[in-house]
Amino acid sequence: MDEQSKKRLSERDICTKFITPAVVRAGWSQSQIREEVTFTAGPIVVRGKLASRDTSKRKRADYILYHKPNIPIAIIEAKDNNHAVGDGMQQALGYADSLQVPFVFSSNGDAFLFHDTTATGATVEQEISLDAFPSPGELWQRYRAWKGLEETAEAVVVQDYYADGSGKSPRYYQLNAINRTIEAIARGQDRILLVMATGTGKTYTAFQIIWRLWKARAKRRILFLADRNILVDQTRTNDFKPFGQAMTKITDRRIDKSYEIYLSLYQAVTGSEEERNIYREFSPEFFDLVVVDECHRGSAADDSAWREILDYFSSATHIGLTATPKETREVSNLTYFGEPVYSYTLKQGIDDGFLAPYKVVRIDMDRDLQGWRPETGKRDKNGQVIEDRIYNQRDFDRSLVLEQRTERVAERVTQYLKGISRYAKTIVFCEDTDHAERMRQALVNQNADLAAENPRYVMRITGNDPAGKAELDNFIDPESPFPVIATTSQLMSTGVDAQTCQLIVLDQRIESMPLFKQIIGRGTRLKEEYGKLYFTIMDFKKATDRFADPDFDGDPVVIYQPGPEDSPIPPDDDDGGQFGPGGGGNGEEDLPGGDDPGSEPRKKFVVGDVTVTVIAERVQYYDKDGKLITESLKDYTRKTVRREFASLDEFLKRWHGAEQKRALMQELEERGILLEALAEEVGKTFGPFDLICHIAFDQPPLTRRERAEKVKKRNAFTQYGEQARTVLDALLDKFADEGIQNIEDMNVLKLQPISRLGTPVEIIRAFGGRDGYREALKALEKEIYAA
């Protein structure tokens, strides 16, 4: 093919005629080659109450080459022949970093640029001919050398994944976690830590790891430990189901050594008395793999239950799974397991579109900020003399109950639900089970109509409430409408797969970053088929101050603090194990009123005649890098705009030169200019053009309506016929009502009132054709933004 003909080929043609044949000639089979692989979903973008997936930001590799299914080792990025050979390399390296693939190629159909991140060859980057593409065997040998895999280790690493015939395969980050873990174990590493954000499929990942090791006979007997009964049951009936008859759950402190896969609460096999440590009925060498789920919780301490079990089965390989690695003076899973072999954070999950983004509504009560001191000798509702001191947020609902405060919280939660949907699944986290019951009562009173229709509309779901606990499965079932609102303390903070939860209410002081992340994780699961694209956190006790903690990742899309009269809606913009050492509980950790599970209820004063009100606070936003903006929004906008545009003339030149204003607006938002938030503060009647000119360059702003009227008065379109002028007037009205971005979309011709003027074909014909219509639209925009 001659050079000119080749340059006329599309990128897809280059792939079909040159790249794919070169790869096949090198010995790669069709089962090893996947083309146009989309490996992220695209982030959810939240605009006011609306949310949609930005599919334009999906990551898609032109080629991924596999040694075996689910073991990727190379990426090829293709470009058409008008590009240089290496023009796709930087893009490909970005994909390779995400996929943890070491061999990267770029091609325009003339040759390949080969980048070897393993540095096992003579050079890191070199150009090679189409006929010199490496064979599967060559790249696999380089991969083995890079990973330090001997022949015995290779047999484990290439063990097949479990496949159920549905075509489901792990997501890219799950593949990374599974493959890195298998490789580490194959090399002899005996302590492994995996960090994966809540909602990213840790248990499914653990299943594939165990399945491959079990099928390869590298690990024959496996113990899977969790500290919540619901975690064990969900694991057994869902992800681990393929193990079938080889699997058992340890219950009633009975041991049957005829199985290979054992699931257990660690409380079910340990106790404070030696005879209750039934795990010792197994020999220390019985298990050769022990997996600890949610290993971040207090169980990481040296004297904890699972540490005791791991020390006993010390010859086994130990894997820890967590969403929140814990490193404190008293407790450390990093110290025990070492650095993670792979991490996938909440921020990555949100950016990739696998986890739901979220808003934060912060509501402050006057008594929380100012405190309350009783008058001398004041008695509470139970006749107790209230200790004379200043009570503050740390005391409320723990040592002092202000009944009106509970009522205000219930009012705000109800007001929010009325603004979105009164059937939006909601979890309210309270200080203890007593607080959860009082909150349930307050919410029932606020929602008396729906509570009368179905008494399960609001339920307390805590470990000490059998009736409420029995409703947990219904709450997390997307198909079950009730319960709608669940009040809880600790039971639902982790391990509860509440896929359709849209509102998380924090009326609990949260002192622990791992607990904070776990609670946030109750809402991060996406359920698009049920309309769950994002969720909201309503914070009454400053728990979301932890967003400022450097250990937190995955910032909210907006933080909103309503005033006392404002809506809380942000503006558009079963059993089986014993609890604890010695048994006697249910495997959950709800606080009955004291500071520790099983403790006596703490003494509380209950006061009903102290008024509590919501006080006004400011709105807070995050910039494009996820950093909290501490200056005023106007000052931030001025600084950000002037960093992009040195002068008003420079901005005007860019605005007037933009083919589509909506594309420029999107670019400005990506650079950190918060147009919607600015409109909320300055005025929704102003368009982005006037907002920026006014805030950044001190120009007097015009509303969209004022701009539209000025164009009409100038009578600027006399050269067009009557129908065309009528259409332009209608477009001006559309601009005045909705903004410039909507009139740039050809679909506007299908909308009222413009559609009443004719079909899109008839309207375009009035302008002499599509090109004439586009020219008229450009002229209209020029008139709108005329000086």
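Buried means under 20% relative accessible area, exposed means over 50%, and partly exposed lies in between, with a 1.4 Å probe and protein chains only. The model is predicted: local features need pLDDT of at least 70, side-chain atom pairs count only at pLDDT 80 or more, and totals for chains, interfaces and linings use all residues. Residues are numbered from 1 along each chain as its sequence is written, and side-chain values use heavy atoms, with hydrogens and water left out.

**Exercise 1. Positive phi outside glycine**

State where Glu36 is found and which accessibility class applies to Glu36.

Solution.
- Step 1: Glu36 is found in strand S1, residues 33–38. Strands (E, at least two residues) and helices (H or I, at least four) are DSSP runs, numbered from the N terminus.
- Step 2: Phi of Glu36 is positive, about 50 degrees, although Glu36 is not a glycine.
- Step 3: The relative accessibility is 35%, so Glu36 counts as partly exposed.

Repeat the task for Asn715.

Solution.
- Step 1: Asn715 is in the loop between helix H24 (704–714) and helix H25 (722–738).
- Step 2: Asn715, a residue other than glycine, has a positive phi near 50 degrees.
- Step 3: Asn715 counts as exposed because its relative accessibility is 51%.

**Exercise 2. Cis peptide bonds**

Find the residue joined to Pro483 by a cis peptide bond, and place Pro483 in the chain.

Solution.
- Step 1: The partner is Phe482, and omega is about -5 degrees.
- Step 2: Pro483 is found in the loop between helix H17 (472–476) and strand S21 (485–488).
- Step 3: The loop between H17 and S21 also holds Ser480. At 11% relative accessibility, Ser480 counts as buried.
- Step 4: Ser480 is in contact (heavy atoms within 4.5 Å) with Lys425 and Asn474, leaving aside its neighbours within four places in sequence.

Do likewise for Pro753.

Solution.
- Step 1: A cis peptide bond joins Pro753 to Gln752, with omega about 0 degrees.
- Step 2: Pro753 lies in the loop between H26 and helix H27 (760–766).

**Exercise 3. One helix and its cover**

Which residues of helix H21 are buried, and how are they arranged around the axis?

Solution.
- Step 1: In H21 (residues 661–670), the buried residues are Lys661, Leu664, Met665 and Leu668.
- Step 2: Viewed down the axis of H21, these buried residues fall within an arc of 100 degrees, so they line one face of the helix. The arc is that of the directions from the helix axis to the C-beta atoms.
- Step 3: As background, an α-helix has 3.6 residues a turn, so residues three or four places apart point the same way.
- Step 4: The cover over the buried residues of H21 includes helix H20 (648–657), helix H22 (675–682), helix H23 (688–697), helix H26 (740–743) and helix H28 (770–784).
- Step 5: Gly672 follows H21 and has a positive phi, near 105 degrees.

**Exercise 4. Two helix pairs**

Describe how H19 and H22 cross and which residues meet.

Solution.
- Step 1: The axes of helix H19 (residues 633–644) and H22 come within 10 Å and cross at roughly 135 degrees. Axes are lines fitted to C-alpha atoms, for helices over the stretch in contact, and angles run from 0 to 180 degrees between N-to-C directions.
- Step 2: H19 and H22 are therefore oblique to each other. Angles under 35 degrees count as roughly parallel, over 145 as roughly antiparallel, 65 to 115 as roughly perpendicular, and the rest as oblique.
- Step 3: The crossing of H19 and H22 is left-handed. A crossing is left-handed if the near helix is turned anticlockwise from the far one by less than a right angle, and right-handed if clockwise.
- Step 4: From H19, Leu633, Lys634 and Thr637 meet Ala677, Leu678, Glu681 and Val682 of H22.

Give the crossing angle and the handedness for H6 and H7.

Solution.
- Step 1: Helix H6 (residues 172–186) and helix H7 (residues 202–215) have axes that come within 9 Å and cross at roughly 35 degrees.
- Step 2: H6 passes H7 in a right-handed crossing.

**Exercise 5. A buried lysine**

Which residues does Lys147 contact beyond its neighbours within four places in sequence?

Solution.
- Step 1: Lys147 is in helix H4 (residues 136–147).
- Step 2: At 16% relative accessibility, Lys147 counts as buried.
- Step 3: Leaving aside those neighbours, Lys147 is in contact with Arg180, Glu183 and Arg187.
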